[in-house]
Amino acid sequence: IGYLTALGRVARQMTGGGIGNVGRRRKQLPRVDKEVVTFDSVAGIDAAKREVAELVALSSQESAKQYLAVGARPPRGVLLVGPPGTGKTLLARALAQAAERPFISCSGSEFVEMFVGRGAARVRQLFERAGKIAPCVVFIDEIDALGRRRRESNFAVGNANDELEQTLNQLLACMDGVDPNTGVVVLAATNRLNVLDPALVRPGRFDRVVKVPPPDLIGREQILRVHARKVALGSDVDLSSLAKETRGLVGADLAAIINEAAIRAARRGAALIGK
């Protein structure tokens, strides 16, 4: 009896507590991210920054009048594509800060659930919340975890109603229901564009694809200078030479280099003081 009682308790915890409560227990919705990131903090990806900055004008009611006068409409969604660490999340935060709008950030993996229907419900809740606090910026990181290409074999064997596909279908429906004139801007980021479902990246949903490539030589030096603002540099530090020696590295790598150098300098200083 004790074994059955424990087993029933585990089952109730997994389903949210009893048959009548199946599906009620859900993860917390993403909160509004209040971290302040400006376009001045984003360096080395000038072309992508210009495209994202244009969205500020498109989504602003005052600046959008000239676009509306000729029949143009703001894009429903913008997809940021690039290798990890190139600054896709920073661009999204900078857009929200420049447009002075709340920034709702989440990851595609947060919508992947065990039980069918849970992920779709979370997608609906996300867009309902965005509509209530509009105008706002919704950012979905690693959208490939949610928007992976649907396989034809699923339809052949009758598995078209699995959890992942239902969640993706709900996302497609919510993207169709986004009215750009309400001020809801949906951004997503991925480093695997080739695995996304064609229905997700077609015009009318993610209307614009912004490529965020690794920085070139000038971009690497700009990134190093941005991160070097927070540390005490020696008079013999040459960021231009460092930029030449870090070919192929992205912004996250360069930030880690600056931080590691500061840690080693502090460690060395503490050792000297200890002597």
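Select leucine 90 to begin: this residue lies in helix 4, which covers residues 88-98. The model on display is predicted.

**Stop 1: leucine 90 and its surroundings**

With leucine 90 selected, consider its exposure. Its relative accessibility is 34%, so leucine 90 counts as partly exposed. Next, add Val37 and Val42 to the selection; leucine 90 touches both, when residues up to four places away in sequence are not counted. Then display the C-alpha atoms of leucine 90 and threonine 38. These two residues are 52 residues apart along the chain, and their C-alpha atoms are separated by 8.4 Å.

**Stop 2: the whole chain**

Return to the full view and colour by secondary structure. The chain contains 11 helices and six strands. Of its 275 residues, 37% count as buried. Among contacts between residues at least 6 apart in sequence, 79% join residues at least 24 apart.

**Stop 3: helix 7**

Select residues 163-176, which form helix 7. From the first C-alpha to the last, this helix of 14 residues reaches 20 Å, close to the 20 Å expected at 1.5 Å a residue. Which residues of helix 7 are buried? They are Glu163, Glu165, Thr167, Leu168, Gln170, Leu171, Leu172, Cys174 and Met175.

**Stop 4: helix 5 against helix 7**

Keep helix 7 in view and add helix 5, residues 118-132. Two packed helices are described by the angle between their axes and the distance between the axes. Here helix 5 and helix 7 pack at an angle of about 20 degrees, and their axes are 7 Å apart. Helix 5 is therefore roughly parallel to helix 7, since angles under 35 degrees count as roughly parallel. The crossing of the two helices is right-handed.

To examine the contact itself, show side chains on both helices. On the helix 5 side, select Arg118, Gly119, Ala120, Val123, Arg124 and Phe127; these meet Glu163, Gln166, Thr167, Gln170, Leu171, Cys174 and Met175 in helix 7. Colouring by class shows six nonpolar, four polar and three charged residues in the contact of helix 5 with helix 7.

**Stop 5: glutamine 170**

Finally, centre the view on glutamine 170, which lies in helix 7. Is glutamine 170 buried or exposed? Glutamine 170 counts as buried because its relative accessibility is 17%, and the cut-off for buried is under 20%. Which residues does glutamine 170 touch, not counting residues up to four places away in sequence? Select Ala120, Val123 and Arg124 to display these contacts. Ala120, Val123 and Arg124 also appear among the helix 5 residues that meet helix 7.

Terms used. Residues are numbered from 1 along each chain as its sequence is written. This is a predicted model: local features need pLDDT of at least 70, side-chain atom pairs count only at pLDDT 80 or more; totals for chains, interfaces and linings use all residues. Side-chain values use heavy atoms; hydrogens and water are left out. Axes are lines fitted to C-alpha atoms, for helices over the stretch in contact, and angles run from 0 to 180 degrees between N-to-C directions. Helices (H or I, at least four residues) and strands (E, at least two) are DSSP runs, numbered from the N terminus. Angles under 35 degrees count as roughly parallel, over 145 as roughly antiparallel, 65 to 115 as roughly perpendicular and the rest as oblique. A crossing is left-handed if the near helix is turned anticlockwise from the far one by less than a right angle, and right-handed if clockwise. Contact means heavy atoms within 4.5 Å. Ala, Val, Leu, Ile, Met, Phe, Trp, Tyr, Cys and Pro count as nonpolar, Asp, Glu, Lys and Arg as charged, and the others, Gly among them, as polar. Buried means under 20% relative accessible area, exposed over 50%, partly exposed in between (1.4 Å probe, protein chains only). The expected span of a helix is 1.5 Å times one less than its number of residues.
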